[in-house]
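Student: I have a model open and want to learn to read its local features. Where do we begin?

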Amino acid sequence: MALPSPSSVPQLKLNGHDCVRSSLQLLQLRRTSKHRTPAQQQSRQLPRTRAAGGDDSLLRFLASSKASRMQHLEEQALGALSHAADNYSNVVFPCALITGDVVILDLLSRLGYLHSGRVPVIFIDTFHLFPETHSFLHSLEAKYKFEAHTYKPQGFETKKDYQAKHGSDLYISNVDEYDRICKVEPFQRSLKELETDVMLNGRRRDHGAERAHLEVFEAGKPLKCNPLAYWEFRDCWDYVHANKLEYHPLHDQGFPSIGDVQSTVPVPKEKWFEYAGERSGRFQNMTNPDGSAKTECGIHVMSDATTEAGPAAELVSAPP
Ligand SMILES: Nc1ncnc2c1ncn2[C@@H]1O[C@H](COP(=O)(O)OS(=O)(=O)O)[C@@H](OP(=O)(O)O)[C@H]1O
């Protein structure tokens, strides 16, 4: 069967994904290999008319596989959110407003959980966020009709107050102390004040090695619900485009993920969708006490260390 050249394949524009083309590239690579099986040799001699029909059906198969995968991911994420809300009293969503978070907000809104206040949104103002992050939050609050619960470093109303005590470069002189004061403490305080028993977030397996085996629910107090655990970064963008959602304005300036100003940089677009590519511009020039590169601020890592195993422990960590 003569495969069409990948560049000549019309994009099926199924959620704007390139998978059809890349699958064809893979197949073509196999075809041009010296090691053809007898069946492959034979298939090369099939009449061209049959080959043309085969190409169409392959494209249709790939398109329908992709569509059913996306449908499953969406149903599974909605199912996880409903399960959390149906079975637990205080489900909260700490939201950093990056692409996956926008997907979760939209799913929560479709379930009626934002407007009703069933799932409160937590926003940590670290005093070091980009101004665009604040304006984007206000825009989403207006669109989905919710008001985020904003938490700041304890004892400070403004960045000026904070700097008067800690200076302007604590994140350089003592990054762990900076994380504790500006992120971890306000985050822990928010979970406590809202009596959280389930915490939603947008962590996914393709974020990197630390999250490679993430499950949709993770044991602990609070229980963590990761509705996008099995999604890829590309799936989040497909959802955003398919539903014409507004997204953080800094994505259009080359930032795949957005955190604090001092530690977030743009990333070349071709790297965004590589494994761990989304977070490759985060935590720049930061190291852990053991000298390894920092990949987490400690919000989730620290809350793991300080929480107990919850009732779902056996569900999420069943032995092989
Ligand atoms: N500003 C702010 N407000 C509320 N919640 C926040 C905030 N920053 C991070 N988070 C929560 O922490 C999750 C991991 O974030 P990150 O490791 O990407 O960033 S950071 O280290 O916290 O800056 C992050 O997961 P995502 O849902 O994937 O964004 C959130 O659950």
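Tutor: Begin with a loop. P222 is found between β5 (217–218) and β6 (223–225). Keep in mind that this is a predicted model.

Student: What joins K221 and P222?

Tutor: The general idea comes first. Most peptide bonds are trans. Here the bond joining K221 and P222 is cis, with omega at about 0 degrees.

Student: Which backbone angle should I check next?

Tutor: Check phi. Most residues other than glycine have a negative phi. F127 is not a glycine, yet its phi is positive, about 70 degrees. A276 is not a glycine either, and its phi is also positive at about 70 degrees.

Student: Where are F127 and A276?

Tutor: F127 sits in the loop between β2 (121–124) and α5 (131–144). A276 belongs to the loop between α9 and α10.

Student: Is F127 buried or exposed? And how is A276 classed?

Tutor: Use relative accessibility, with buried meaning under 20%. F127 has 8%, so F127 counts as buried. A276 has a relative accessible area of 24%, so A276 is partly exposed.

Student: Now the rings. How many aromatic pairs does the structure hold?

Tutor: There are 11 aromatic pairs. One of them is F233 with W237: the ring centres are 6.3 Å apart and the planes meet at 70 degrees. Planes over 60 degrees apart count as edge-to-face, so F233 and W237 form an edge-to-face pair.

Student: How are F233 and W237 placed along helix α9?

Tutor: Helix α9 covers residues 233–242, and the two residues are 4 apart in it. That separates F233 and W237 by about one helical turn. F233 is buried, at 2% relative accessibility. W237 is buried too, at 8%.

Student: What kind of pair do W237 and W272 make?

Tutor: A tilted one, because their planes are at 35 degrees; the ring centres are 6.4 Å apart. W237 lies in helix α9, while W272 lies in the loop between α9 and α10 (299–305). The pair therefore ties together parts that are 35 residues apart in sequence. Both W237 and W272 are buried.

Student: Which residues form one aromatic cluster?

Tutor: F233, W237, Y247, W272 and F273.

Student: Which charged residues should I look for over the rings of F273 and W272?

Tutor: Look at R234 and K269. R234 lies over the face of F273, 4.1 Å from the ring centre. K269 has its charged end over the ring of W272, at 4.6 Å from the centre.

Methods: Residues numbered from 1 in each chain as written. Predicted model: local features only at pLDDT ≥ 70, side-chain atom pairs only at ≥ 80, totals over all residues. Heavy atoms only, no water. Phe/Tyr/Trp six-rings, centres within 6.5 Å; stacked < 30°, edge-to-face > 60°. Buried < 20%, exposed > 50% of the residue type's maximum accessible area, 1.4 Å probe, protein only. Lys NZ or Arg CZ within 6 Å of the ring centre and 35° of its normal.
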